[in-house]
Amino acid sequence: MKNTVLIILGVLLMAACGQSYEETKRLTRQQRREAARKDSAALKVAVMPTMDCLPLFVAQHYHLYDTLRGGVRLKYYKAQMDCDTALMRGRVEGSVTDLVRAARMAKQGTKLRYVATTNAYWQLISNRNSRVKQVKQLDDKMIAMTRYSVTDMLADAAIDSAKLDKDRVFKVQVNDVFVRMQMLQNNIMDVLCLTEPQATWARAMKNPVVMDTRDMGWQMGVIAFREKEMQRQARGKQLELFVKAYNQACDSINKRGVAYYRNLIKDRMKLKAELVDSLPKNLKYIHAQGPRQEDVDRAEKWLEKNGNNR
């Protein structure tokens with residue numbers, strides 16, 4: 001009799017556990033569906049660990065996006081190409097990018113709306129052990145860059161300005177910004193195309209700047225959104241509120257200074273505190289406005305010349 005009772009209790013316990021497991025699975029499925037629904041409703045923007053994304057991080061930090069219908073979600077990537085792939089495949093609605101990459105995406109069928117020009121600039125920085133201090137010394141050197149981007153265009157500008165044989169300068173595609181820095185630290189790469197804060201990191205290691213897009217008058221950073229998505233009424237409203245939050249974040253940074261957001265930069269850009277303090281003091285962020293036509297033309301002209309022969 002005792003054994004019979006134990007068996008019955010065991011069966012009941014197993015049944016209870018089974019029900020609990022099935023209930024857990026059902027709740028998990030519901031949670032996944034709810035998370036997917038919220039993610040679909042949100043305005044998703046691809047960002048990188050770079051200073052041109054700081055206003056977006058600040059807006060998120062102060063919950064300025066909370067008033068948006070469906071909210072804004074930042075999708076973090078370590079490579080510009082990954083940001084743009086997410087944009088083209090519809091995983092995000094917007095991305096912080098550059099005009100060359102944007103022109104390339106448009107050429108491939110993803111029509112974009114330029115919402116803001118960023119303060120991004122790019123520097124060609126050489127490994128101090130490579131002893132490259134001028135562009136004419138790039139002969140037989142390797143340059144880390146991303147194809148069909150402003151870094152690709154900058155490398156070409158350096159080669160052309162020194163009238164070097166393009167077959168004698170080796171452009172190497174290294175998309176991940178942290179991998180580029182590792183290659184610099186390990187003396188694997190001769191020259192790298194970098195933006196902030198990685199450029200400050202490289203300069204802090206006594207690596208010389210060979211070329212700077214600011215000296216060339218380039219303003220190539222941009223925030224772009226998929227035009228098809230933005231034509232939807234709900235998305236259009238989200239975009240308006242996104243721009244409002246972005247402008248408020250720019251005002252906050254300009255008023256308080258970049259150093260005020262030291263901890264945020266350390267966290268989002270994986271930068272040491274002393275490097276944050278070494279960032280340029282004159283970094284300013286302007287309200288959302290479209291790019292200059294001359295920069296759009298510059299990107300399209302370069303892409304027209306180089307986009308089909310690589």
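The legends below describe close-up views of a predicted model.

**View 1. The open sheet of 5 strands, ordered β7-β6-β8-β5-β9.**
The pairing within this sheet is mixed. Strands β7 (170-173) and β9 (209-212) form the edges, each pairing on one side only. From one strand to the next, the twist averages 25°. Helix α6 (residues 177-185) packs on the sheet and touches β6 and β8. The direction of α6 makes about 150° with that of β8.

**View 2. The parallel pair β6 and β8.**
Strand β6 (residues 142-145) and strand β8 (residues 191-194) run parallel and are joined by 2 bridges. I143 has V191 in β8 as its bridge partner. C193 has a relative accessibility of 1% and therefore counts as buried, the cut-off being under 20%.

**View 3. Strand β3, enclosed on both faces.**
Strand β3 covers residues 94-98, and 5 of its 5 residues are buried, so the strand is largely enclosed by the rest of the structure. G94, V96 and D98 lie on one side, while S95 and T97 lie on the other; all are buried.

**View 4. Strand β3 with its partners β1 and β10.**
Strand β1 (residues 43-47) runs parallel to β3, and 2 bridges join them. Strand β10 (residues 221-226) pairs with β3 in the antiparallel sense, over 5 bridges. S95 of β3 takes part in both pairings: A46 stands opposite S95, and A224 is the bridge partner of S95 in β10. Strands of a sheet may pair in either sense, parallel or antiparallel, through backbone hydrogen bonds.

**View 5. R104, a buried residue with no salt bridge.**
R104 belongs to helix α4 (residues 99-107). The nearest side chain of opposite charge is that of D152, 8.9 Å away. A salt bridge requires a distance within 4 Å, so D152 does not provide one for R104. Leaving aside residues up to four places away in sequence, R104 touches Y148, L303 and G307.

**View 6. The cis peptide bond between E196 and P197.**
Omega for this bond is about 10°. P197 sits in the loop between β8 and α7 (198-204).

**View 7. H63, a non-glycine residue with a positive phi.**
Phi of H63 is about 60°. The loop that holds H63 runs between α2 (54-61) and β2 (72-76). H63 has a relative accessibility of 52% and so counts as exposed, for which the cut-off is over 50%.

**View 8. D140, a non-glycine residue with a positive phi.**
D140 has a phi of about 65°. The loop between β5 (123-126) and β6 contains D140. This residue is partly exposed, because its relative accessible area of 43% falls between the cut-offs for buried and exposed.

**View 9. C250, a buried cysteine.**
The relative accessibility of C250 is 0%, so C250 counts as buried. A search of the whole structure for disulfides finds 0. A disulfide is a covalent bond that links the sulfur atoms of two cysteines.

Definitions and conventions. Residues numbered from 1 in each chain as written. Predicted model: local features only at pLDDT ≥ 70, side-chain atom pairs only at ≥ 80, totals over all residues. Heavy atoms only, no water. Pairing = 2+ DSSP bridges. Helix = DSSP H or I, 4+ residues; strand = E, 2+ residues; numbered from the N terminus. Axes fitted to C-alpha atoms, helices over the stretch in contact; angles between N-to-C directions. Contact = heavy atoms within 4.5 Å. Buried < 20%, exposed > 50% of the residue type's maximum accessible area, 1.4 Å probe, protein only. Lys, Arg positive; Asp, Glu negative; His and termini not counted. Disulfide = S-S within 2.5 Å.
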